[in-house]
Each structure stands twice: as C-alpha cells, then as structure tokens.
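Work through the exercises below with the sequence and the model in view. Each task is followed by a solution in steps.

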Amino acid sequence: MKNSKTVVGAVLTTLLCVPVSRATTAIENDKNIDAPIQYFLEQESGSHQHEKAHEPEENHKPEVSHQSEVNQQPEENHQPEEVVLTEQQRQLAGVQTSVIEPRIYNQRVYAPGEVKVNGYSSSLVSPRTDSVVISRHAALGDEVAKGQVLVTLFSETIAQSQAEFLIASSNYSRAKKLDKNTISESALVEAENRYKASYGELIAFGLTPNAISSITALDVDAFGQYELVAVRDGVVLQDNFMQGQRVLAGETVMLLADESDIWIEASLPATSAFPVQVGDTAQVIFNGEHFTAQVIQQSHIIDPLTRTRTVRLAIRNTTHSLHAGMFVDVLFSVPTPSPVMAVPETAMVRSTDGDWVIYVENEASGAFTPVEVQRGEALGEYRRIEGVETGTRIVTHGAFFVASELAKSGFDPHNH
C-alpha cells in the first residue's frame, strides 16, 4: 500500500507540470490510474475548457468612440455669474456706482522731505571781532522785533575803535569851527576823513548809528561794550553761547528766522524722470495735517551720499505747525499727458488666484457681474485700469460686499 501511494504522488507531480490537455490524454491512455486522480484531472480539464468557451474574442470587443464619451459627459453651465441686490442691501452696505470714462488725472510721486529755515528771510547774529559775552537779552524760542537788543558783548578792539572815534570826532568838530585863514583846506579834509574812517569802522563792527552817537556819553567802564540787535522780525532758533563765554569773530551766537515762510527740501531719486517744474504745487503731510507748497528751486547736482537731487519748496506756515528739522512727506502732483481710464481704489477686489476684478452693473436688470481688469499705476486716490470699455457703470464703493454676496449665492465670484 505504501508503494501505491508513492506512485500516485509521482504521477500527480508529473501531470501538474504539463498542460491540462496532455494530462487528459495521459488519463485516456493509462487505464491503471486510480479513480480519484482521474476525477481530479477531468475536473481541471473541464474548468479550462469552460473558461475558454466564455472568453470574448479580441476582434469582437465593443468599441466606444471618443466622441461618444464626450457626448455622455454632463454639459458645463455657461450661465453668466451675477448677483442682484435689493435696495435695502445697497443702502446698508453703501454700494455706489458710477459710469467711468477716460479723463485727465493727477499722477502723484512720493518723496521724503525736511523742513528748513528760509535762507532768504533768516539771519545769523555773530560778532565781527573777538568778543566776550556780557549778557543776553533774548532766549531760544523768543519772538523778537527788528532793532531789539539781543546780546551785549565786550571787545578790546571795539574799545580802541571807540577811543579813536572820539578823538577823530573831536578834531573834526574843532576843525570845522576854525576860520579858513587859520586851518588849511587839506587839514580840514584830513580831519574829516579820519572821522569818517573811524565811524565806518564802528559800523563794520556791528554798532548801530544810535550806539555810535552815544559813545561820547559813555562812562569809562562802558568802553568796549557794544550790543548786537535784530536786523529783522523773527524767532530765535539758536542761541549757542553762555554768559562770560569768549566768541570768535564770525561765530554764530543766535539764529533768527521768520517761521511764517519756510522751506521744504524734498529728495527725489537721481534716476527719476518725474517732470518737476518751478511753480508746480505739492502736498506736504506732517502728522496727518496737509499743507500746500510750491516748487521754487531744484538742484542740478546729485548728492554724493544719498544719490538724490534736491527740490526746494516754499510754504506758508501761518499756524507755526512746522519747525526746522522736522521730517515730512511730500507728494508731487502732475497731470497725465492724455486721458486714461481709472477707478477708485475701493472699486477693486482681489480674486482667490490673485487677479483684480471690478463689478459691472447691468442697468436694465440691476445685476452685478465680475470683470477681470489689469491694474496700472496709482493716480492719487484712483488707479489706472485696462479691460473695461468706456461708459461702463461699475461699483465704486462696496465692491467687497458685492463679492461676498456673489460668493454666498453659490457662484465663483471671479469667473474661474
């Protein structure tokens, strides 16, 4: 019995390694195979024949054309995207519309600026010879009037000049009183010239005619003292000295300026092609307050450090809100060379993919439809656009609300 099982296993191994058709032939030729083995092989052979009978032929496969697949796809909805707002919605959201047409706009260019004193209406107060400060009569921020005494100084040079003036004045007065037979014409002219020279020297040192005429009444202790006075109305913007300090000739002790008329120096890039002309106006902004300035000069030299060119503007500072040293914002304004299409900045909103759109109103139905536009340069509170025809009525205020309502209605509000 053991040998019989070994033979059956060998036969199975052999038959499984050959095709079913050959195995079936072997069954038919070998009548000595056990019945269980024969039944197994017959079942395998029948199974393969059944599969072959039901296998579809390649030449008879059903063909489905591409056009048929396209026709079976659902058609896309090409209905225009729009939304209609009630009158109440428009009022609550502040939706405003306007017809846009090409027109001239003012183009603005920004430049940083600094407030400067008006060099034509300000003055430096300084001694014209080495002196010592005796006392001051005005302080920083004081408003002074023309002729007001600002500071009293002492100078050895002034003392000597005052003495020479007294001598020259006395000699000239005496010479004029002498008879022509007593003094020659040349001596009289010499006395007169010495008097004029000493008088002019005191004027050159900064003494006023009143101060010179009162020299004869000076006490000995007051010799060498003199006063510097304001040559114009203004405000003391600098007083860089202390009492008892020795100041050199030409050293500034005070700066007087009229702050009602000041300068703004704006810095434009050296490569800027913006056409600024003398007489153009600009807006000066400081701390939210706006001032109107006028271009009076422009430099043709480029600053070697900042690589900018300076444009100087004049401004009336009647409220005294601006002071020298302040930094301000300057907005230059120049009209566009030709009419352009522009909309307020509030009329445009961004789509989800970053495009800019505006909303066009159908005046017949009152519906709003998004239209994609190309955004150009800023023109003040407006922005130049392309992609919409002239005479189109668009939403100028409340565009964000319209976009929200269009999105809530189930459409893509940006036509994508």
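**Exercise 1. The cores**

Task: Find which residues of the largest nonpolar core touch the most other members, and which elements supply this core.

Solution. The model is a predicted one. Step 1: the largest nonpolar core has 23 residues, and those that touch the most other members are Val125, Val144, Leu150, Leu207, Met254 and Leu256. Step 2: at least two residues of this core come from each of β7 (149-154), α6 (156-177), β8 (225-229) and β11 (254-257). Step 3: β7 gives the largest share, three residues. Step 4: take Met254 and leave aside its neighbours within four places in sequence; its contacts include Val125, Leu150, Val236 and Phe241. Arg136, Gln238 and Asp239 are also among the residues in contact with Met254.

**Exercise 2. The sheet around β11**

Task: Give the strand order of the open sheet of four strands, and name its edge strands.

Solution. Step 1: the order is β4-β11-β9-β6, and the pairing is antiparallel. Step 2: β4 (122-125) and β6 (143-144) each pair on one side only, which makes them the edge strands. Step 3: β4 and β11 run antiparallel and are joined by four bridges. Step 4: Ser122 has Ala257 in β11 as its bridge partner.

**Exercise 3. Helix α6**

Task: Describe the span of α6, its N-terminal cap and its buried residues.

Solution. Step 1: α6 has 22 residues, and from its first C-alpha to its last it reaches 32 Å, close to the 32 Å expected at 1.5 Å a residue. Step 2: the cap at the N-terminal end of α6 is Ser155, with a side-chain oxygen 3.3 Å from the backbone nitrogen of Thr157. Step 3: the buried residues of α6 include Ile158, Gln162, Phe165, Ala168 and Tyr172. Step 4: α7 (185-204), α8 (209-213) and β8 are among the elements that cover the buried residues of α6.

**Exercise 4. Two neighbours in α7**

Task: Ser198 and Tyr199 both need a label: buried or partly exposed?

Solution. Step 1: Ser198 is placed in helix α7, and Tyr199 lies in helix α7. Step 2: buried means under 20% relative accessible area. Ser198 has 5% relative accessibility, so Ser198 counts as buried. Tyr199 has a relative accessible area of 27% and is therefore partly exposed. Step 3: not counting residues up to four places away in sequence, Ser198 touches Glu164, Phe165 and Ala168. With neighbours within four places left aside, Tyr199 is in contact with Phe165, Pro209 and Ile212.

**Exercise 5. Aromatic pairs**

Task: Say how many aromatic pairs are counted, and classify the pair of Tyr105 and Tyr382.

Solution. Step 1: the count is six aromatic pairs. Step 2: the ring centres of Tyr105 and Tyr382 are 5.2 Å apart and the planes stand at 50°, so this pair is tilted. Step 3: Tyr105 lies in the loop between β2 (96-100) and β3 (106-116), and Tyr382 in strand β21 (residues 382-386), so the pair ties together parts 277 residues apart in sequence. Step 4: Tyr105 is buried at 6% relative accessibility, whereas Tyr382 is partly exposed at 27%. Step 5: Phe165 and Tyr195 also form a tilted pair, 5.6 Å centre to centre with 35° between the planes. Phe165 is in helix α6 and Tyr195 in helix α7, so this pair ties together parts 30 residues apart in sequence. Step 6: ring pairs link Phe165, Tyr172, Tyr195 and Tyr199 into a cluster.

How values were computed
Residues are numbered from 1 along each chain as its sequence is written. This is a predicted model: local features need pLDDT of at least 70, side-chain atom pairs count only at pLDDT 80 or more; totals for chains, interfaces and linings use all residues. Side-chain values use heavy atoms; hydrogens and water are left out. A nonpolar core is a set of buried Ala, Val, Leu, Ile, Met, Phe, Trp, Tyr and Cys residues joined through side-chain atoms within 4.5 Å. Buried means under 20% relative accessible area, exposed over 50%, partly exposed in between (1.4 Å probe, protein chains only). Contact means heavy atoms within 4.5 Å. The expected span of a helix is 1.5 Å times one less than its number of residues. A polar contact is a pair of N or O atoms within 3.5 Å; within protein, one must be able to donate a hydrogen and the other to accept it, and residues adjacent in sequence count only if both atoms are side-chain atoms. Two strands pair if DSSP finds at least two bridges between them. Rings of Phe, Tyr and Trp (its six-membered ring) pair if their centres lie within 6.5 Å; planes under 30 degrees apart count as stacked, over 60 as edge-to-face and the rest as tilted.
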